[in-house]
Amino acid sequence: MTTTLDPPVRIGKAAVGAVGLLALATGALESVVTPTLPLLQRELDMTAAQGALLSIVLLITGALITPVAGKFGDRLGGKRVLTRLMAVVSTGGLVSALAPNLPVLLLGQVLQGAMVGALPLSFIVVRKHLPEGDAKVAIGVVSGLFVGGGMAGTLAAGPVAETLSRHWMFALPTCAVIGSTLLVRRLLPHDPPARSEHVRMDWAGLGLLCGALTTLMLVLALAPDMVSQPLVLGALVVVLAAFVTGWTAVERRAASPMIDLHMLARPAIWKACVLTFVICVGTSMAVYLVPQLFAVSADAYGFGASATEIGFFLLPGAVAASLAGPLGGLATRRLGSRRVVAAGVVMMAASLTAVAAMHTEPWHLVVGKALIALANGLCVTAMMTSTATSVDPADTGIASSLVLVTRVVGYAVGAQLGGALLTAATPAGSDVPAESAFVTGFVIAGAVTASALFVTRTMRKGVTT
């Protein structure tokens with residue numbers, strides 16, 4: 001039986017601010033592992049393979065939990081599911097902060113992965129309680145703060161771990177998540193469920209998607225070391241194809257699929273997913289390669305920067321990423337998503353190409369990384385905003401989840417490709433890859449990003465794609 005809904009209560013700036021603070025805190029907590037991975041490997045005596053597993057487990061969990069969270073949020077109420085999801089995230093952050101060894105830290109990261117589902121739930125709440133124009137700006141602010149939080153976490157994780165300990169780099173953002181969740185619980189009105197309280201879960205589809213994502217990460221992570229073992233690599237590719245085929249078949253036949261492939265067939269949705277994947281692959285290669293280039297010894301061709309210095313160099317990118325969300329929301333409302341995305345793609349492709357050609361001074365990388373962060377934020381915000389407002393309100397979470405899953409997979413694929421390039425170009429007995437690997441990586445990232453222009457040409461010129 002469908003629930004009769006009362007008119008939604010309009011929320012004020014304080015409530016939107018609470019949602020934004022939660023996005024900022026979760027973004028910071030999500031990003032602390034990447035810049036401190038070498039430190040964690042030393043302190044916990046991890047191998048390189050274990051370090052790679054630690055770096056991707058949160059992404060995999062997030063990609064799996066996002067569509068589930070979106071579906072429950074659409075049907076049970078965004079605030080209700082959001083606060084419960086944040087309780088899981090907070091537990092994961094505390095487990096990570098107290099972890100004495102790698103298995104416990106992995107458990108904490110698995111629980112923290114639930115944070116990726118927070119954004120679609122935030123969009124559900126904002127759209128239910130604000131008019132369309134205000135909702136677009138609010139969604140842009142929330143998206144920008146999440147991106148900015150990620151950059152801030154990258155900036156602060158090194159100094160906190162070096163001056164305090166690795167425990168505090170998890171504990172501090174976890175405290176911020178707990179505090180902002182309490183604010184959300186207090187300031188946001190309850191949003192009644194849009195549909196029946198009964199929710200069918202597509203557990204078969206969830207399991208197959210888990211297998212597909214895990215196998216994909218294994219293929220990308222192990223490919224450089226398996227060149228001499230083509231049969232093993234081929235077997236993994238076959239397993240990956242089997243998982244993808246099985247998942248597609250299950251989702252098409254499921255009465256209540258985890259990811260609605262029929263919605264994915266809509267032009268607005270599949271174009272947003274393709275654009276998100278391509279742009280995030282290009283962005284994540286830069287996100288991975290720039291800090292690595294800063295860290296290369298000054299005796300070679302790098303700058304020998306410490307973790308704290310790298311964080312300082314990335315500060316302009318953090319500022320640019322934070323501004324990109326609200327700027328993208330305003331620009332999308334005035335100019336339309338097509339123009340905003342096209343401008344962002346051109347800016348990012350040009351910046352990546354410029355960094356490939358010029359990277360002999362720190363300011364080359366600083367300026368290039370800031371422009372890439374700004375362009376990525378504009379693109380992602382425009383696509384998120386147009387996607388969230390191009391479907392029925394009851395389907396906002398599901399549509400946003402499709403784009404967010406694509407974002408997570410794009411980031412994971414780009415980072416793994418960047419790592420594979422550096423691994424393949426590192427001579428035996430050395431830990432310094434050839435400079436040509438960085439140039440190749442930036443050129444590939446620029447070319448992949450530029451390919452998004454073929455899709456933007458087919459987008460509608462209006463505000464919604």
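This presentation covers the internal cavities, one buried loop residue and the cysteines of the structure above.

Colleagues, please keep in mind throughout that this is a predicted model.

I begin with the cavities. The structure contains three cavities of 30 Å³ or more. The largest has a volume of about 60 Å³. Which residues line this largest cavity? They are Leu-119, Ser-143, Phe-146, Val-147, Gly-377, Val-380, Thr-381, Met-384 and Arg-407. Two elements, helix 7 (132-163) and helix 16 (362-388), each give two or more residues to that lining. Helix 16 contributes the most, with four residues. In terms of class, the lining of the largest cavity comprises five nonpolar residues, three polar residues and one charged residue.

The second largest cavity has a volume of about 40 Å³. Its lining is formed by Leu-59, Ile-60, Ala-63, Leu-213, Met-217, Val-408, Val-409 and Ala-412. Three elements give two or more residues here: helix 3 (48-76), helix 9 (203-222) and helix 17 (396-424). How do the residues of this second lining divide into nonpolar, polar and charged? Eight are nonpolar, with no polar and no charged residues among them. The lining of the largest cavity, by comparison, does include polar and charged residues.

I turn now to a single position, Thr-36. This residue lies in the loop between helix 1 (13-30) and helix 2 (37-43). Is Thr-36 buried or exposed? Thr-36 counts as buried because its relative accessibility is 3%, and the cut-off for buried is under 20%. A polar atom of the Thr-36 side chain lies 2.7 Å from the backbone oxygen of Val-32. When neighbours within four places in sequence are left aside, Thr-36 is in contact with Ala-157, Gly-158, Ala-161 and Met-169.

My last topic is the cysteines. How many disulfides does the model contain? The count comes to zero, where a disulfide would require a pair of cysteine sulfur atoms within 2.5 Å. Cys-379 illustrates this point: the nearest cysteine sulfur, that of Cys-280, is 9.2 Å away, and Cys-379 is in no disulfide. Cys-379 is also buried, since its relative accessible area is 0%. Cys-273 likewise counts as buried, at 8% relative accessibility.

To summarise, the two cavities described have volumes of about 60 Å³ and about 40 Å³. Thr-36 is a buried residue in a loop between two helices, and the model has zero disulfides. Thank you for your attention.

Definitions and conventions. Residues numbered from 1 in each chain as written. Predicted model: local features only at pLDDT ≥ 70, side-chain atom pairs only at ≥ 80, totals over all residues. Heavy atoms only, no water. Buried < 20%, exposed > 50% of the residue type's maximum accessible area, 1.4 Å probe, protein only. Polar contact = N/O pair within 3.5 Å; in protein donor to acceptor, adjacent residues only side chain to side chain. Contact = heavy atoms within 4.5 Å. 1 Å grid on protein atoms, 1.4 Å probe; cavity = no way out; pocket = protein on both sides within 12 Å on 5 of 7 lines; lining within 4 Å. Points joined across faces, edges and corners; volume = space filled by probe spheres on them. Nonpolar A, V, L, I, M, F, W, Y, C, P; charged D, E, K, R; others polar.
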